[in-house]
Amino acid sequence: VTHSIPACVGSMTINGKQLDNESPVSIFAVNKCYETVQDGTFFDGSGFAALVREGYKVRSDVNITLEFRTTAVHGVLLGVSSARVDAVGLEIVHGKVLFHVNNGAGRITATYEPRGTNSLCDGKWHKLQANKSKHHISLIIDGNLVHTDNPYVQSTSADTNNPIYVGGYPADVKQNCLTSKSSFRGCLRNLVLTKGQHTEMFDFSRAFDLRGVFPHSCPGAVH
């Protein structure tokens, strides 16, 4: 077993002596236990999860689905980039959801703007689907479709080769399709990336780098 257990542990004793878990010598990716917990992964607004160490190749098509819950009006959801300009990015900016794609010729953006400024940042679960198919991109939030015209019709492949960063990214990592540097605060669940017939569901507890992220433990209320 190479990943941590998603659970709460309490009242541990060794040789009859109770361990003091209030003042540990060191701590990593351990949070308090919540009285009410939902399925999902909690992002505390300070870090990120890094997936696919060897690099994720978006290329001509990808379909991204996830569910999010937050009360913050800013926050990175997901980014995959390259050393050049090719990249995809999902973020919340001023309460809007933005899906950016750059196939090499220039960035295009599909924007979902809710009627009320805080209606996506109401602490309730919202479903997101972002689709890139060659030079076409679309965004579906809670069943509402948004798509945008792409003037760069000859450029169809996002040749990314970097990890997938979720909820934020390190300060020294370049993200060509994200405008925000704010780490996401809230809960995410059911992250799935589909390419053609290949569907991959990501378990945050198996990320190769986790900072300020608590897999499988989403508090009942996120503020």
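This passage describes the side-chain contacts of a predicted model, from its cysteines to its aromatic rings, charged pairs and a nonpolar surface patch.

The cysteines make a convenient starting point. A disulfide is a covalent bond between the sulfur atoms of two cysteines. One disulfide is counted in the model, and it joins Cys-187 to Cys-218 with an S to S distance of 2.1 Å. The link of Cys-187 and Cys-218 is right-handed, with 105 degrees about the S-S bond. It connects distant parts of the chain: Cys-187 belongs to strand S14 (residues 185–195) and Cys-218 to strand S17 (residues 218–219), 31 residues apart. Cys-187 and Cys-218 are both buried. Cys-121, by contrast, takes part in no disulfide, and the nearest cysteine sulfur, that of Cys-187, lies 14 Å away. Cys-121 has a relative accessibility of 6% and therefore counts as buried. Cys-177 is likewise buried, because its relative accessible area is 0%.

Attention turns next to the aromatic side chains. A pair of aromatic rings is described by the distance of the centres and the angle of the planes. Four aromatic pairs are counted in the model. In one of them, the ring centres of Phe-43 and Phe-184 are 6.0 Å apart and the planes meet at 75 degrees, so this pair is edge-to-face. The two partners come from distant parts of the chain, with Phe-43 in strand S4 (residues 41–51) and Phe-184 in the loop between strand S13 (164–166) and S14, 141 residues apart. Phe-43 is buried at 1% relative accessibility, and Phe-184 is also buried at 1% relative accessibility. A second contact from strand S4 involves Phe-48, whose ring centre lies 5.8 Å from that of Tyr-165. The planes of Phe-48 and Tyr-165 are at 75 degrees, so this pair too is edge-to-face. Because Phe-48 lies in strand S4 and Tyr-165 in strand S13, the pair ties together parts that are 117 residues apart in sequence. Phe-48 and Tyr-165 are both buried. Returning to Phe-43 and Phe-184, ring pairs link these two residues and Phe-204 into a cluster.

Another ring meets a charge rather than a ring partner in the contact described here: the charged end of Arg-189 sits over the ring of Trp-125, 3.8 Å from its centre. Arg-189 also leads on to the salt bridges. Side chains of opposite charge can pair when their charged atoms come close. A search of the whole structure gives four salt bridges. One of these is formed by Glu-67 and Arg-189, with the closest N and O atoms 3.1 Å apart. Glu-67 is in strand S5 (residues 61–69) and Arg-189 in strand S14, so the salt bridge ties together parts that are 122 residues apart in sequence. The two partners fall into separate accessibility classes: Glu-67 is buried, with a relative accessible area of 12%, whereas Arg-189 counts as partly exposed at 23%. Strand S14 thus holds Arg-189, with its salt bridge to Glu-67, as well as Cys-187, with its disulfide to Cys-218.

Two further salt bridges can be described. The side chains of Arg-206 and Asp-203 meet at 3.9 Å, N to O. Here Arg-206 is exposed at 56% relative accessibility, while Asp-203 is partly exposed, with a relative accessible area of 26%. In the salt bridge of Asp-209 with Arg-211, the closest N and O atoms are 2.9 Å apart. Arg-211 counts as partly exposed, at 42% relative accessibility.

The last feature lies on the surface. Val-9, Met-12, Ile-14 and Leu-19 form a nonpolar patch there, with about 370 Å² of accessible area together. Two of its members can be placed along the chain. Met-12 is found in the segment before S1, and Ile-14 is in strand S1 (residues 13–14). Met-12 is partly exposed, with a relative accessible area of 43%, and Ile-14 also counts as partly exposed, at 49% relative accessibility. As for spacing in this part of the chain, the C-alpha atoms of Met-12 and Val-25 are separated by 16 Å, the two residues being 13 residues apart along the chain.

How values were computed. Residues numbered from 1 in each chain as written. Predicted model: local features only at pLDDT ≥ 70, side-chain atom pairs only at ≥ 80, totals over all residues. Heavy atoms only, no water. Disulfide = S-S within 2.5 Å. Helix = DSSP H or I, 4+ residues; strand = E, 2+ residues; numbered from the N terminus. Buried < 20%, exposed > 50% of the residue type's maximum accessible area, 1.4 Å probe, protein only. Phe/Tyr/Trp six-rings, centres within 6.5 Å; stacked < 30°, edge-to-face > 60°. Lys NZ or Arg CZ within 6 Å of the ring centre and 35° of its normal. Patch = residues over 30% accessible without salt bridge, like charges linked within 9 Å, V, L, I, M, F, W, Y side chains within 5 Å. Areas by Shrake-Rupley, 256 points an atom, 1.4 Å probe, with all protein chains shown as cover.
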